[in-house]
Amino acid sequence: MNDKILPTTVVGSYPKPRWLNHLIREHSDSSLSDEVMESAYSDSIKAVVKDHELAGVDILWDGEMRREEMTSYFAEHINGFSIYGEVRVWGNNYYRKPSIVDELSYRDELTVSEYRNLRGLTEHDIKVPITGPYTIVDWSFNEHYRTKEDAVYALAEVINQELKALVAAGASFIQIDDPAIPTHVDELEIARNSVEIATKGVKAYTGLHICYGDYSKLYPQVLDFSVDQLDFELANKSFQDISIFREHDFTKDIGFGCVDVHTRRIESVDEIKGNIKKAFEIVEPKRVYVDPDCGLKLLSSQVSFQKLSNMCAAARELRGEL
Ligand SMILES: [Zn+2]
């Protein structure tokens, strides 16, 4: 998709500035106007873009500044969902769990305005991440459809409309985020079908981001998913999964997670170069996209920026050596 060899990119999220979180709280208490909130989002996205450009990222996203998290943000804009109160996920992290209470249908844009806004801010290539229908349903209650499978496929049709709207707006690279897939490997067929429905007729380069799982339970079956690229978290598990991917011909491009998002330790340029080279054990360099393991939102912006900078420097140096 990108002409450059070893293009660098992000998975999606970036740390929200502390001042933005403060304003979001004020806005939810109705003590801040929509207008002020809107300009705060706009300013934070400009800062993210600047950070990414300074770090040297080739294919950008806006850091998901407007997304509260990866399920309710979408559910709120799709007919048929209702949002319940907060549910505890882990530690002291909560999210507002959606419930499917009626027939799911497309209401309005989910990501198109984010894309248009970003397009106006940078000349760089853009990747649009969107949560996959399988994960959204898995992380929601289902009070309407007879089976989970029915709900997933109905939502996949909605996501398909959104992806087509994105392409019509000019998007050329779309990533489906499906972290729930490895948690139910017995439902891999449902997930596969959902991606097929979601991407049907979508004329863009597509990727599938899967993190936090045992890839040996998904591979090689995941090669049958109808996307151009598979994006994996690899640094966090010290690249042990490379051996799994070597067992079968890796027939897609790979998004190669080469920086750990679960540690504040900043990997050196040399260390990341060594990490990226491990990808060449699976596919040839021209099929490798360089990115962090996952979204960076749980780190500080200083650490995130340093990790991205070193990652991009590593890719640059490697390009010169290939
Ligand atoms: Zn992830």
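**Exercise 1. The zinc site**

His-209 has its place in strand E8. The model is predicted. Task: find which protein atoms are the donors of the zinc ion, and decide whether His-209 is buried or exposed.

Solution.
- Step 1. Start with the ion. Its protein donors are NE2 of His-209, SG of Cys-211 and SG of Cys-294, at 2.1 to 2.3 Å.
- Step 2. Place these donors along the chain. Their spacing reads H-x1-C-x82-C.
- Step 3. Check accessibility. Buried means under 20% relative accessible area. His-209 has a value of 2%, so His-209 is buried. Cys-211 is also at 2% and therefore counts as buried.
- Step 4. List what surrounds the histidine. Beyond the neighbours within four places in sequence, His-209 is in contact with residues including Gln-175, Ile-176, Asp-177, Asp-178 and Pro-179. Val-11, Asp-231 and Asp-293 are also among the contacts of His-209, as is the zinc donor Cys-294.

**Exercise 2. Strand E10 and its partners**

Task: describe how strand E10 (residues 253-257) is covered, and state which residues stand opposite Ile-254 in E9 and E11.

Solution.
- Step 1. Count the buried residues. Five of the five residues of E10 are buried, and the strand is mostly covered.
- Step 2. Sort the side chains by direction. Asp-253, Gly-255 and Gly-257 point one way, while Ile-254 and Phe-256 point the other way; all are buried.
- Step 3. Look at strand E9 (residues 229-232). E9 and E10 run parallel and are joined by four bridges. Leu-230 is the residue opposite Ile-254.
- Step 4. Turn to strand E11 (residues 288-291). Four bridges join E11 to E10, again with the strands parallel. Here Val-288 is the bridge partner of Ile-254.
- Step 5. Follow the chain from E10 to E11. The path goes through helix H9 (residues 269-279), and this β-α-β crossover is right-handed.

**Exercise 3. Aromatic rings**

Task: how many aromatic pairs does a search of the whole structure find, and what is the geometry of the pair Tyr-73 and Phe-74 and of the pair Tyr-205 and Tyr-289?

Solution.
- Step 1. Take the total. The search finds 13 aromatic pairs.
- Step 2. Classify Tyr-73 and Phe-74. The centres are 5.2 Å apart and the planes stand at 90°, which is edge-to-face. Both Tyr-73 and Phe-74 are buried.
- Step 3. Classify Tyr-205 and Tyr-289. This pair is stacked, with 5.6 Å between centres and 25° between planes.
- Step 4. Locate the stacked pair. Tyr-205 belongs to strand E8 (residues 205-210) and Tyr-289 to strand E11; the two are 84 residues apart, and the pair links distant parts of the chain.
- Step 5. Apply the 20% cut-off for buried. Tyr-205, at 12% relative accessibility, is therefore buried. Tyr-289 has a relative accessible area of 2%, so Tyr-289 is buried.

**Exercise 4. A cluster and two lysines**

Task: state which residues form one aromatic cluster with Tyr-215, and which rings the charged ends of Lys-97 and Lys-237 sit over.

Solution.
- Step 1. Name the cluster. Tyr-215 is grouped with Tyr-219, Phe-232, Phe-245 and Phe-250.
- Step 2. Place Lys-237. Its charged end sits over the ring of Tyr-215, 4.5 Å from the ring centre.
- Step 3. Place Lys-97. Its charged end sits over the ring of Phe-141, 4.1 Å from the ring centre.

Note on methods:
Residues numbered from 1 in each chain as written. Predicted model: local features only at pLDDT ≥ 70, side-chain atom pairs only at ≥ 80, totals over all residues. Heavy atoms only, no water. Buried < 20%, exposed > 50% of the residue type's maximum accessible area, 1.4 Å probe, protein only. Pairing = 2+ DSSP bridges. Right-handed = clockwise from strand over helix to strand, strands pointing away. Phe/Tyr/Trp six-rings, centres within 6.5 Å; stacked < 30°, edge-to-face > 60°. Lys NZ or Arg CZ within 6 Å of the ring centre and 35° of its normal. Donors = N, O, S within 2.8 Å, 3.2 Å for Na, K, Ca; no water. Contact = heavy atoms within 4.5 Å.
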